[in-house]
Amino acid sequence: MEPFRHHVFVCMQEKPEGVTSCSAACSSAVLGALYGELGKQGLSSGVQVSSCGCLGLCDEGPIVIVYPEGVWYRKVTPGDASEIVQSHLRSGKPVSRLVWNDALAMKQMAAEHTEQYHAMLKAKDQAGVVPDDLNELIRGFMSSRAVLTGLELDVFTMIGEGASAGQVAQKLQASPRGTEALLNALAALKLLRKENEIFHNTPVSARFLADASPDSARHALLHMVNLWKRWSGLTGAVRSGTPAPRADGDVWTDTFIAAMDRNSRERAQALVKAVGTDGVRRILDLGGGSAAYSIAFARANPAITAEVVDLADVIPLTQQYIQRAGIACRIQTRAGNMLSDPLGEGFDLVLLSAICHMFSPEENRALYRRAHAALAPGGRVVMQDFILEPEKTAPRFGALFALNMLVGTAGGGSYSEPEYATWLTEAGFSDVRRIRMPGPAGLMIATRN
């Protein structure tokens, strides 16, 4: 069976820095170029492109293999993608200048590579060398901190269409030595490109990290800067079981809501589709922040109205997001504490998105009882959060997020599906079920009888 006309493999094996590999020779750019050319030439549906692991021919990389012919290409560059697609994948004529058909030499090179690789692993193991992946995990904070400092200083905006380290330092009124070191590090992380001492944004950094872009996520990502400061107190929080202290001058609300809005807008349509709008007229959005989910529901069904309840310092921001969405007449706001203030009654849907992880088990039990009372008979509560598997070690993001709640809240955490199901049942809900969604968060939905 041949579901595709051609199947193309591109070696993407990552290896330690300084070690020859296809990835070091920019095979990711080759992969991207092939995807782009297939799209341009209208062949995407007939050609499957896949990444693969090491083929043992690293010195000749990037390696690209095309099946069913079994043609091996070596030292492929992004600029070769157009010719490969046009000549080989469209017209059936391999690009002879790139073809490698010396089977004996290929087998010998692969065998030598395998032998050297296993010898290296054995030597490292005997010497007690810390494994590369463990080292990378431990040192991962360095890359993160460099990017966060770049965001704090807004260097991606300062660089614009291109600037030297000295020019950026002058704009920032910062140290030339420090600025150059930071920009060089960001270039090493492939978020900047350096040519003749001039730094340029890459397509990714220009789109998402520079303020001038309509897709800029910089303001939302600054929330990570605040989290960095909190996470620096993790050791103390583990010892004491209490949140890490906030640094003087920390400003959380604006960047936090911006970050939550960006996350919510990415997921809102999928959530509305999973929940549905049949029978929904009144929504209570508890801790709704930017009202992204209320806005999505209101847009999906013109008969829906919503009320967003959040803290007093959040509500002015909520109102700004609602105004920008152009449906202020159908979404109301109310400042209040969802754990203690009256919630109202007769709602068809109560939304709790990214809320329950902030509260202790006891507070969540109380919140579910209050949500149950606020619903009309047949109404539903929809909880979206990082739902752990019963052993609480997976998914990884949710397990790590529990530490975020340790450093940031008095009693919050990441909870498992059995815990949420138990609390909802105890509150009087029935038909409790989990819906798995793409990404780190999932849904728990339950109905009031």
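# A tour of the predicted chain

Start with the whole chain: about 23200 Å² is exposed, and carbon and sulfur atoms supply 55% of that area. This is a predicted model. Keep everything displayed for a moment. Along the principal axes, the C-alpha atoms fill a box of roughly 75 × 60 × 50 Å. The chain has 449 residues, and 43% of them count as buried. Switch to cartoon: 17 helices and 16 strands appear. Now consider contacts between residues at least 6 apart in sequence. Of these, 68% join residues at least 24 apart.

**Stop 1: the four-stranded sheet**

Select residues 6–11, strand β1. Add β2 (47–52) and β4 (71–73). Add β3 (64–67) as well. Together the four strands form an open sheet, in the order β2-β1-β3-β4, and the pairing is mixed. Which strands sit at the edges? They are β2 and β4, each of which pairs on one side only. On average, neighbouring strands in this sheet are turned by 20 degrees against each other, direction ignored.

Zoom in on β1 and β2. They pair in the parallel sense, over six bridges. Pick His-7 and look across to β2: the bridge partner there is Gln-48. Strands of a sheet pair through backbone hydrogen bonds, so show the backbone here.

**Stop 2: the helix across the sheet**

Keep the sheet on screen and select residues 27–40. This is helix α1, which lies across β1, β2 and β3. Compare its direction with β1: the helix runs at about 155 degrees to that strand.

**Stop 3: a nonpolar surface patch**

Turn on the surface and select Val-130, Leu-134, Leu-137 and Ile-138. These residues form a nonpolar patch, with about 380 Å² of accessible area together. Centre on Leu-134, which is found in helix α4 (residues 132–138). Its relative accessible area is 38%; this lies between the 20% and 50% cut-offs, so Leu-134 counts as partly exposed.

**Stop 4: a loop residue**

Move on to Asp-278. Where does Asp-278 lie? It is in the loop between α12 (253–275) and β8 (282–286). Is Asp-278 buried or exposed? Its relative accessible area is 73%, and exposed means over 50%, so Asp-278 is exposed.

Finish with a distance. Select the C-alpha atoms of Asp-278 and Trp-252, two residues that are 26 apart along the chain. The separation between these atoms is 37 Å.

Conventions:
Residues are numbered from 1 along each chain as its sequence is written. This is a predicted model: local features need pLDDT of at least 70, side-chain atom pairs count only at pLDDT 80 or more; totals for chains, interfaces and linings use all residues. Side-chain values use heavy atoms; hydrogens and water are left out. Two strands pair if DSSP finds at least two bridges between them. Helices (H or I, at least four residues) and strands (E, at least two) are DSSP runs, numbered from the N terminus. Axes are lines fitted to C-alpha atoms, for helices over the stretch in contact, and angles run from 0 to 180 degrees between N-to-C directions. Contact means heavy atoms within 4.5 Å. Buried means under 20% relative accessible area, exposed over 50%, partly exposed in between (1.4 Å probe, protein chains only). Patches are made of residues with over 30% relative accessible area and no salt bridge: like charges are joined within 9 Å, nonpolar side chains (Val, Leu, Ile, Met, Phe, Trp, Tyr) within 5 Å. Accessible areas come from the Shrake-Rupley method with a 1.4 Å probe; for residues, only the protein chains shown count as cover. A salt bridge is a side-chain nitrogen of Lys or Arg within 4 Å of a carboxyl oxygen of Asp or Glu.
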